[in-house]
Amino acid sequence: MATRFPALARLKKGRETWKQIKWTWLPESNREAGDSVVRNFLLHWFPAKVTRQSLSWNYSFWLGTISAVLFFILIVTGIPLMFLYVPSVERAYLSVKDLEFKVSFGWFLRGLHRVSAHLMVAAVFLHMVRVFLAGAYKNGTAANQNRQLNWIIGVALLLFTLLLSFTGYLLPCDQLAYWAITVGTNIASSAPLVGEKMRFFLLGGHTIDQNTLIRFYVLHCFFLPMGVLLLFSYHMWRVRKDGGLACVDQLSLEQKKEGAQPIKSKTYSLLGITSGRTVHVETSIIDEDKHTVASSPNLTRRLLVATLATLAVAALLTILFHAPLEEAANPSVTPNPAKAPWYFLWLQELVTDTTFTIAGITINGAFIGGILLPGVLVLAAIVWPYLDKSSVRAVGVWMATERRKQNIVFLIVVAAILILTIVGTYLRGPYWNFYWPWQSWPTIPRHF
Amino acid sequence: MWRKKSAPDQAPGTLHQRETPDKASIDLTKRKWISRVGLGAILVGIGGQAYALIRALVPNVLYEDPQRFKVGTLDQFGEGAKFIEDKRVFIFRQKNTLHCISATCTHLGCTVKMERLNQAKRVTVRGREIDEQVEFACPCHGSKYYGDGTNYSGPAPRPLAHYKLELAPEDGQLIVDTSQTVSQDFRLTV
């Protein structure tokens, strides 16, 4: 057949290839549904079947997915921006200005990139809050789970997200950029012993100049995104290894309690090469068919809905709120007040309020509020899963009674961060003085 | 490595009998040694080159403005304070004395703003009463300094730096040396 009609054979081959890239939206059988996951490259990281619980909108709010979608929007918008932006101190500001006013749709590219970055900080943070409140960093009863490690990867991803935002807003070389980097790198320099060296290394000198700009540019466009991609891959791989979302563990516990007859687990050995079984194909749920649906189209459909919604919201916000561009960077005039972006304002509040004098020695708030307190917070986040001794009944359960106390402690910290952010955003005026929203700011001459 | 396990277990007369335990252990030591040398070479190779890569990012030459610079002839400085914008320093003149205060906030490095007071304010600084004409305030985190640079409010941990002043012998211009901080009492008499 193939020899008699080579064109037909080629067509068939092409179709096969195409099948491996696309998948059936509406599979007509379980077989077709399973095939689309097993044969398709884009879907290979999904399980063939997922529980209904883990698909539910209001267990996870899909915040992790939304974060990932935002990250991919940032990559896609970031690449054309790299072609249009010039990382030199003479031309950086002008090239951003050109983007804003001369390049076709330049304002939209830059705006979408900026809005997505803001949203990503929010989404990643909320994702962390969700995982904590639902006790989803806890292991259930399945073998080889290591959700604590995945939580730590998540904390690292949050820090990477913040670093990406930080390095990103130096790039326009406007006033916001210059003073944010001044403050940020001085916080680094307040670290004992290595501080000054660290600042020198970060800036590539003693002052913010060309060396600094190119350093932050390379960090922003290459190192940090690569770091996020690697961590993200590992994050997703762990989710699969840990048996999916934590709420699934509760389901299998309930079934065991009900005394449902266990069914034979589906396990695959790695062709006899190792004795271990790949964990993720082992069914942890006893009555699988009752609780699971095929990933294709159920998971893929929701994934696309989440993607579409995220993209729509980001695009809408871009059109509604124009990305600001302040005056060109001026080392001699600090804007008054000089404010960091909203997600760093709680830190700006902290460094303002934490200079202490103990026994005649004054400790700079830059160290206490800028390094010590955030460091303690990150450390606490890292060790928390190992200190949490609640039972498996609290795995993947929102606001579990057993974990009430720690949830309250966590919420207090979150509330404190939010309150400091709100104070910094709305209640601080010139010279970082406190003003109620109804009080007007005094007019202060710009120059001396 | 598999030999390690099998060697002691082998009863004499089996397939591996030619290898006495002694020879096996010598082989093992050799192997271990060679693999350690190899591993060490890899680590040293990677470590050394990593050092070179990172060291290359620490600049040896800086194209920054000099820390010692001229700010103008004496007749350009009238009584009171003058801000040298691009150098971020204030020059103060009181009759025939001059001194220089840095405009860089000691908290996190923002440029402080000078506020001229409508009427002289009597404050006690460092055990002395002075009538000050100006004060400094930082826009970033609200630190406040008296006219002599002493911090009195906000997160600033120490007074603003005072820099050494001198006169250039060749053209009589005032020279600021920001690499040399001096005491708050330093005055250049002209």
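This is a guided tour of a predicted model with chains A and B, told as a series of selections to make in your viewer.

**Stop 1: chain B as a whole**

Start by colouring chain B by secondary structure. You should find two helices and 11 strands. Follow the chain from the N terminus and the order of elements is α-α-β-β-β-β-β-β-β-β-β-β-β. Of the 190 residues in chain B, 24% count as buried. Among the contacts in chain B with a separation of 6 or more, 40% are between residues 24 or more positions apart.

Next, give two colours to the domains. The domain assignment lists domain 1 as 21-57 and domain 2 as 68-189. How far apart do the C-alpha centres of domain 1 and domain 2 of chain B lie? The answer is 59 Å.

**Stop 2: strands around β4 of chain B**

Select residues 89-94 of chain B, which form strand β3, and add β4(B); the two run antiparallel and are joined by six bridges. Label B:Arg93 and look across to B:Leu98 in β4(B), which stands opposite. Two residues sit between the strands of this hairpin, and B:Lys95 takes a positive phi near 50 degrees there.

Keep β4(B), residues 97-102, on screen and add β9(B), residues 162-167. These strands pair in the antiparallel sense over two bridges. Which residue of β9(B) is the bridge partner of B:Ile101? Look for B:His162. You can also label B:Cys100, which stands opposite B:Tyr163 in β9(B).

There is another partner to find. Select residues 188-189 of chain B, strand β11, which pairs with β4(B) in the antiparallel sense over two bridges. Here B:Thr97 stands opposite B:Thr189.

Now move on from β9(B) to strand β10, residues 173-182 of chain B. This pair is antiparallel too, with six bridges. B:Lys164 has B:Asp177 in β10(B) as its bridge partner. Five residues lie between the strands of the β9(B) and β10(B) hairpin, in which B:Gly172 takes a positive phi near 70 degrees.

**Stop 3: an open sheet in chain B**

Select β5, β6, β7 and β8 of chain B. Together they make an open sheet of four strands in the order β5-β6-β7-β8, with antiparallel pairing. Which strands are at the edges? They are β5 (113-125) and β8 (151-153), each of which pairs on one side only.

Zoom in on β7, residues 144-145 of chain B. Two bridges join β7 to β8(B), and B:Tyr145 stands opposite B:Asn151 in β8(B).

**Stop 4: where the chains touch**

Show both chains and highlight the contact between them. It takes 34 residues from chain A and 23 residues from chain B. On the chain A side, α9 (175-189), α15 (345-353), β4 (361-363) and α16 (365-387) each supply at least two residues. The largest share, five residues, comes from α9(A). Coloured by class, the side of chain A that touches chain B shows 16 nonpolar, 17 polar and one charged residues.

**Stop 5: helix α16 of chain A**

Stay with α16(A) and trace its axis. A kink of about 30 degrees lies at A:Ala381, shortly before the proline A:Pro385. Both of these belong to the buried residues of α16(A), along with A:Gly365, A:Ala366, A:Phe367, A:Gly369 and A:Gly370. To see what covers the buried residues, add α8 (147-168), α9, α15 and β4 of chain A, which are among the elements doing so.

**Stop 6: the largest nonpolar core**

In soluble globular proteins, nonpolar side chains tend to be buried together. Here, the largest nonpolar core has 102 residues. Label A:Leu70, A:Met120, A:Leu171, A:Ala177 and B:Cys140, which have the most contacts inside the core. Helix α7 (residues 106-133) of chain A gives the largest share, 12 residues.

Pick out A:Met120 for a closer look. Leaving aside neighbours within four places in sequence, A:Met120 is in contact with A:Ser67, A:Leu70, A:Phe71, A:Leu74 and A:Thr161.

**Stop 7: a tryptophan in a loop**

Finish with A:Trp62, in the loop between α4 (57-60) and α5 (63-84) of chain A. Is A:Trp62 buried or exposed? A:Trp62 counts as buried because 24 other C-beta atoms lie within 10 Å. Not counting residues up to four places away in sequence, A:Trp62 touches A:Trp57 and A:Ala306.

Notes: Residues are numbered from 1 along each chain as its sequence is written. Chains are lettered from A and ligands numbered from 1 in the order in which they are written. This is a predicted model: local features need pLDDT of at least 70, side-chain atom pairs count only at pLDDT 80 or more; totals for chains, interfaces and linings use all residues. Two strands pair if DSSP finds at least two bridges between them. Two residues are in contact if their C-beta atoms, placed from the backbone, lie within 7 Å. Ala, Val, Leu, Ile, Met, Phe, Trp, Tyr, Cys and Pro count as nonpolar, Asp, Glu, Lys and Arg as charged, and the others, Gly among them, as polar. The bend at a residue is the angle between axes fitted to the seven residues ending there and the seven starting there. A residue is buried if 20 or more other C-beta atoms lie within 10 Å of its own, exposed if 12 or fewer, and partly exposed in between; C-beta atoms are placed from the backbone. A nonpolar core is a set of buried Ala, Val, Leu, Ile, Met, Phe, Trp, Tyr and Cys residues joined through C-beta atoms within 7 Å. Domain bounds come from an automatic or database domain assignment.
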